[in-house]
Amino acid sequence: MNGKTVMACIDAAHASLREHADEIASLDQAIGDGDHIINLLRGMDALVAMRAQIEAEAFAPALKLAATKVLSTVGGSSGPLFFSMLTGMAKSSTDIGGVAGFARAFAAGVEAVGQRGKTGTGSKTMMDVLIPVAERFTALADSGASKQEVLETLPRVAEENMLATRDMLATKGRASFLGERSRGHIDPGARSSQLMIAAACARLVQDDA
Ligand code: ADP
Ligand code: MG
């Protein structure tokens, strides 16, 4: 994993968000203020514009560079949360390498999001996707799963848990202002996180390393 891998994942996530932009906009119009996809695409465009810098770095500094850009461009609630995800991952020790190292980094990123957003699962946010994915990732790494197995399993875990946010009552963020009316809609941050995880996994499965 290095800056080139980070950028390849950003490109994959960017393409998937663009493809689903109208859907994510509708989800945030239903239970938020409609800006989630605009916020994310503004950040993605800024990251793409600094491609050469990100690609020249090692894994952790590439993530830190991307995090700083995300913080200054994304905005909303999700900007600082995605910043925490990337810096949390960057701070984690990456000297283990491989599946175990990446699982540890991902879990550290999710933990940082939890600290920033002060929530876990069940409040109808991106955490309802991020936490189960981090837990399964750690379990797979602990059981010695192959990279292939991990990259095929995590998108399924992300999708199941994204879909489960539909029936939840929102207790965090803007959607919580709707109370019971927040039920019946998938959380936009859960959907965007799931799409980015699926896109990154699909991209990484093509690499040999
Ligand atoms: P805003 O709600 O400020 O307009 P965005 O539209 O960019 O921000 O992001 C909304 C998403 O942020 C929600 O769909 C939800 O997934 C996520 N979110 C909101 N509050 C929290 C929180 N405290 N912890 C984790 N995720 C949150
Ligand atoms: Mg919003």
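This briefing walks through the salt bridges of the structure above. Please keep in mind that the model is predicted. Six salt bridges are counted in total, and three of the residue pairs are described here, among them D11 with R51 and D33 with R174.

**The network around R51**

- D11 and R51 pair up in a salt bridge, with 2.8 Å between the closest N and O atoms.
- This contact brings together distant parts of the chain, since D11 sits in helix α1 (residues 3–19) and R51 in helix α4 (residues 51–56), 40 residues apart.
- R51 also forms a salt bridge with E55, where the closest N and O atoms are 3.7 Å apart.
- R51 and E55 are about one helical turn from each other, because they lie four residues apart in helix α4.
- Taken together, D11, R51 and E55 are linked in a network of salt bridges.

**The D33 and R174 pair**

- A salt bridge joins the side chains of D33 and R174, at 3.1 Å from N to O.
- Here too distant parts of the chain are linked: D33 belongs to the loop between α2 (21–31) and α3 (36–49), while R174 belongs to the loop between α9 (147–164) and α10 (188–204), 141 residues apart.

**How accessible these residues are**

- In the network, D11 is partly exposed at 27% relative accessible area, R51 is partly exposed at 27%, and E55 is partly exposed at 27%.
- In the loop pair, D33 is partly exposed with a relative accessible area of 39%, and R174 counts as partly exposed at 47% relative accessibility.

Key
Residues numbered from 1 in each chain as written. Chains lettered and ligands numbered in written order. Predicted model: local features only at pLDDT ≥ 70, side-chain atom pairs only at ≥ 80, totals over all residues. Heavy atoms only, no water. Salt bridge = Lys/Arg side-chain N within 4 Å of Asp/Glu carboxyl O. Helix = DSSP H or I, 4+ residues; strand = E, 2+ residues; numbered from the N terminus. Buried < 20%, exposed > 50% of the residue type's maximum accessible area, 1.4 Å probe, protein only.
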